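The following exercises concern charged side chains and enclosed space in a protein chain. Please work through each task before reading its solution.

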Amino acid sequence: PVYLHWGTTPAERMMTLPGDDLVPDARYRVDHGVTIRAPADSVWPWLVQIGQDRGGFYSYSWLEQLAGADIHNADRIHPEWQQLKRGDLVRATQPDYLGGRLGEPGWRVLDVVPGRAIILQNWGTFVVHPVDAQTSRFFVRTRGDGAPSLLAVLLGPINVFVFEPAHFIMQRRMLLGVRDRAEAMMGPVASGGQP
């Protein structure tokens, strides 16, 4: 449950978010969230510039680089990376990663709700939700059909003991990385809060 619901409340997990309708009967679901002591419009610019060839993922770039990914996390807002639209590719790694055998590794943008949400195919929905004038919640929700299959049963232990912990570690760091950057821009008013 920690891997699946970190930083969220039961009420937040019941909220309808943009993109939920893409997998209406989700059997697989991950909800992560963090409180950010900054207004939503100060969080959004960090989120909209994610991607290997843009602002990075604000996670453990040293781990990503150890795996051969050329990812560097931005520590400032880049005006040239503030546009993202349906159909764009958010690169996971450089195109020639593993000799280019993976094609274009990344996630297609299914939709953007400006200032509020980005929906990435095969990853999920990233949402910035204003709490008040000085506070936001940042959520990432992943939903999948989780349809039972022989392959799913065979790969289940690998998913539970390898993929989920790794995904949790990296995505949690990303949420905290966005929080830390947005709060740092607010100056001493923000006090590095809890999830």
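**Exercise 1.** Determine whether Asp 20 and Arg 141 are buried or exposed, and describe how their side chains meet.

*Solution.* Step 1: Asp 20 is buried, and Arg 141 is buried as well; buried means under 20% relative accessible area, exposed over 50%, and partly exposed in between, with a 1.4 Å probe and protein chains only. The model is a predicted one, in which local features need pLDDT of at least 70 and side-chain atom pairs count only at pLDDT 80 or more, while totals for chains, interfaces and linings use all residues. Residues are numbered from 1 along each chain as its sequence is written, and side-chain values use heavy atoms, with hydrogens and water left out.

Step 2: The two side chains form a salt bridge, with N to O at 2.7 Å. The term denotes a side-chain nitrogen of Lys or Arg within 4 Å of a carboxyl oxygen of Asp or Glu.

Step 3: This pair links distant parts of the chain, 121 residues apart: Asp 20 lies in the loop between helix 2 (10–14) and strand 1 (28–36), and Arg 141 in strand 6 (residues 135–144). Helices (H or I, at least four residues) and strands (E, at least two) are DSSP runs, numbered from the N terminus.

Step 4: A network of salt bridges links Asp 20, Arg 141, Arg 29, Asp 31 and Arg 143.

**Exercise 2.** Identify the salt-bridge partners of Asp 180 and explain why Asp 180 counts as partly exposed.

*Solution.* Step 1: Arg 173 meets Asp 180 in a salt bridge of 3.2 Å, N to O. Step 2: Arg 179 also forms a salt bridge with Asp 180, the closest N and O atoms being 2.9 Å apart. Step 3: Asp 180 counts as partly exposed because its relative accessibility is 31%, whereas Arg 179, at 10%, counts as buried.

**Exercise 3.** Which residues line the largest cavity, and how do they divide by character?

*Solution.* Step 1: About 40 Å³ of space lies in this cavity. On a 1 Å grid over the protein atoms alone, a cavity is a set of points where a 1.4 Å probe fits but cannot get out, and lining residues have an atom within 4 Å of a point; the volume is the space filled by probe spheres set on the points, which are joined across faces, edges and corners.

Step 2: The lining consists of Thr 8, Glu 12, Arg 13, Leu 17, Asp 31, His 32, Phe 139, Val 140 and Arg 141. Strand 6 gives the most, with three residues.

Step 3: The lining residues comprise three nonpolar, two polar and four charged. Here Ala, Val, Leu, Ile, Met, Phe, Trp, Tyr, Cys and Pro count as nonpolar, Asp, Glu, Lys and Arg as charged, and the others, Gly among them, as polar.

Notes: 1 Å grid on protein atoms, 1.4 Å probe; cavity = no way out; pocket = protein on both sides within 12 Å on 5 of 7 lines; lining within 4 Å.
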